[in-house]
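Colleague: Please take one sheet in this model and go through it closely, strand by strand. Then put it in the context of the rest of the chain.

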Amino acid sequence: MRFIMIPSPLSLFTTWFVLQAAAAPAAGSQVLTPQDFKQTIADGVWFIEHFSPYCRHCRNFEPTWNRVVDKFEKQPDLGIHLAQVNCALNGDLCTENGVTGYPQMNLYRNGQFVETFTKDRDFDILVDFLLPHAEPTANSLSSSTAVEQEEMAAEIVPVNENSVVQVSQAESNPLGEVISLTSETFDNFVAQAPTFVKFFAPWCGHCKKLAPVWIQVARRMQHKLNIAQVNCDEFKSLCTKQGVTGYPMLFYYSHGAKTEYSGSRKYEPLVAFADKAASPTMQPISAHDLDKVVHEHPVAYVLLLSSSDEHVVSEVAKDSQLLLGSPPVFVSSSKELFTRYEIPTTESWAILAFKDNDPKEPTSIFNSSIPDTLSTWLFANRLPTSLELSRDVFQQVMNAPHNPLVVIAATPNDVQNDVSLKLNDIAKKWRLRKSYVGRQDVVFTWMDADQWGSWMKSMYGVKVNDQPKVVVADHNRLVYWDRDTTGQPIQLNAVSIFSAIEGVYSNKIRSKHSENILERLLRVFNSSLTNTEGFIIAHPYMAVLLILGFLAAVVMAIKKLLDDDTDLQPGHRYIKGGSRRDCR
């Protein structure tokens, strides 16, 4: 007789448990064991997830954890290492590390416990938590710095087939630190090199949240871009002078001009902006590659040089810094391009603006005979003929330095594609009319009525149902027009829109205010206070004299009033000749 051993339920469960633990899903990061845990985390900053493969929350969190791992592995070394511990296999190790639930994430520095992550397990929250603790290694900094220095050492601009002009760029942010500026140091510091400045108040909650991220941005931009800050509690007059109206406010300064940064305050968008600001502003291009480049960019500038002129190259490089790489500026000395675009041979240089991926004819040409400044021309031509007015481009369209008229077509979701094509066609026809030359520029945009419906209604009284609604806005003056010269609502066609624009130019149609009466009064009052404060800051001695003069005038007026009152008291009378005596 042969005996068959039947495994007990307990042994089956134990075997299943071990097999399941061994067959846990592959982790997205290094998995530590009791044998290598202490040795591994002994050097640097480590963020450890203690998990169990049987924990439902751990399985749900796994994709987020892997995203965090990917972010820190794909970026240059930010000084954070991530690993995991499987508590189903290494329960004693998890107990030693104070793990009381799954998943639990602990932060360690040089082998010592720092803290346990207790916030929501959201990707952005995790990244914001980790960045302030980052400590990049010296090796990683030196290697990345070498590459960055090589990239920023010079901007290469071709002049002819065999020679180049180099535009040198002074080293910025050598220590990778945030520089605190004062009223005495601010102007000189931002004049020396492009600088990204944070204006803050120590008590501001948003400022406190941004502070560690700002430190990381400074570290990331070492040798590339100055990162600075100003404490507005200590230097109120400086902040007022710079137009700071809330905290924190971020401004980018370059070559005597400033641009407000209004994007996300998270690490990645800030670094993307800073990288773009610090990148070389001009790129070489050949006649052969021009068509390809223009097809790849909605707007592109091309500087044509007929001779080696370092002054022109330097000036264009400086003014184009404020574009932050959008649109890009390309440089060529090709005689073929001079001929193709009929640039007179008497011109030693010219800048061509190309829009709508059309390389056949530039939409505008700048040369030394144009009275406008180069920076004004660059900003006036930086936008494509038509575009979606989204959150990403709202500020650069509505608050553009050259104050354009903005045609806005509020569009229902189901016809946005058709409207964008139609609006682009209308915009091209307007551009070909040339009737706007010397007048206020026009930008053609469309907006998602589902997303922006409430804003359109409050600003322009527009309520979109099933058809696009069109207005022409002057956001700088906070006024708009919703009718053409015939008195009819503006329609989405060239005749109606062109009629409205020409009516704006000739003052034949009345504008409407985007604000109600109370809002306008408050804005005027606030503007008056701001102007007064600015005058006092700029001319303190004169302001004191005016205030003293005003007070003296008030005192004299009161004194005169009292004297007049005394003369009219009962028991007194005037005598001919101006003398006066008491009645008896």
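The sheet comes first, then its helices, and then the wider chain.

Modeller: This is a predicted model, so local features need pLDDT of at least 70, side-chain atom pairs count only at pLDDT 80 or more, and totals for chains, interfaces and linings use all residues. Residues are numbered from 1 along each chain as its sequence is written, and side-chain values use heavy atoms, with hydrogens and water left out.

Some terms first. Helices (H or I, at least four residues) and strands (E, at least two) are DSSP runs, numbered from the N terminus. Two strands pair if DSSP finds at least two bridges between them. Strands of a sheet pair through backbone hydrogen bonds, either parallel or antiparallel.

Now the sheet. It is open and has 6 strands, in the order E18-E20-E19-E21-E22-E23, with mixed pairing. Its edges are strand E18 (386-388) and strand E23 (512-513), each of which pairs on one side only.

Take the parallel pair. Strand E19 (residues 405-411) runs parallel to strand E20 (residues 442-448), and 7 bridges join the two. One bridge sets Ile408 against Thr445 in E20.

E19 also pairs with E21. That pairing is antiparallel and has 5 bridges. Val406 has Ala473 of E21 as its bridge partner.

E21 then turns back into E22. These two strands run antiparallel and share 3 bridges. Asp474 stands opposite Val479 in E22. The E21-E22 hairpin has 4 residues between its strands, and Leu478 takes a positive phi near 55 degrees there. E21 is mostly covered, with 5 of its 6 residues buried. Buried means under 20% relative accessible area, exposed means over 50%, and partly exposed lies in between (1.4 Å probe, protein chains only).

Next, the helices on this sheet. Contact means heavy atoms within 4.5 Å. Axes are lines fitted to C-alpha atoms, for helices over the stretch in contact, and angles run from 0 to 180 degrees between N-to-C directions. Helix H16 (residues 416-433) lies across E18, E19 and E20 and runs at about 175 degrees to E20. Helix H17 (residues 449-460) lies across E19, E20, strand E21 (469-474), strand E22 (479-481) and E23, at about 120 degrees to E20.

One residue of H16 deserves a look. Lys422 is found in this helix. Lys422 has 44% relative accessibility, so it counts as partly exposed. Its C-alpha atom is 8.1 Å from that of Asn493, although the two residues are 71 apart along the chain.

For comparison, there is another open sheet. Its 5 strands follow the order E8-E10-E9-E11-E12, again with mixed pairing. Strand E8 (178-180) and strand E12 (257-261) each have a single partner strand, so one side of each has no neighbour in the sheet. The twist averages 30 degrees from one strand to the next. E8 pairs in the parallel sense with strand E10 (residues 226-231) over 3 bridges. Ile179 stands opposite Ala228 in E10. H8 packs on this sheet, touching E8, strand E9 (195-200), E10 and strand E11 (249-254), and its direction makes about 160 degrees with that of E9.

H8 has a helix partner too. Helix H8 (residues 205-220) packs against helix H10 (residues 267-278) at an angle of about 35 degrees, with axes 10 Å apart. By class, the contact holds 7 nonpolar, 1 polar and 2 charged residues. Here Ala, Val, Leu, Ile, Met, Phe, Trp, Tyr, Cys and Pro count as nonpolar, Asp, Glu, Lys and Arg as charged, and the others, Gly among them, as polar.

Now the cores. A nonpolar core is a set of buried Ala, Val, Leu, Ile, Met, Phe, Trp, Tyr and Cys residues joined through side-chain atoms within 4.5 Å. The largest has 39 residues, of which Phe47, Phe196, Leu225 and Leu270 touch the most other members. H10 gives the most to this core, with 7 residues. A second, separate core has 25 residues, including Val407, Val419, Leu423 and Ile497.

Finally, the whole chain. It has 20 helices and 25 strands. Of its 584 residues, 43% are buried. Among contacts between residues at least 6 apart in sequence, 71% join residues at least 24 apart.
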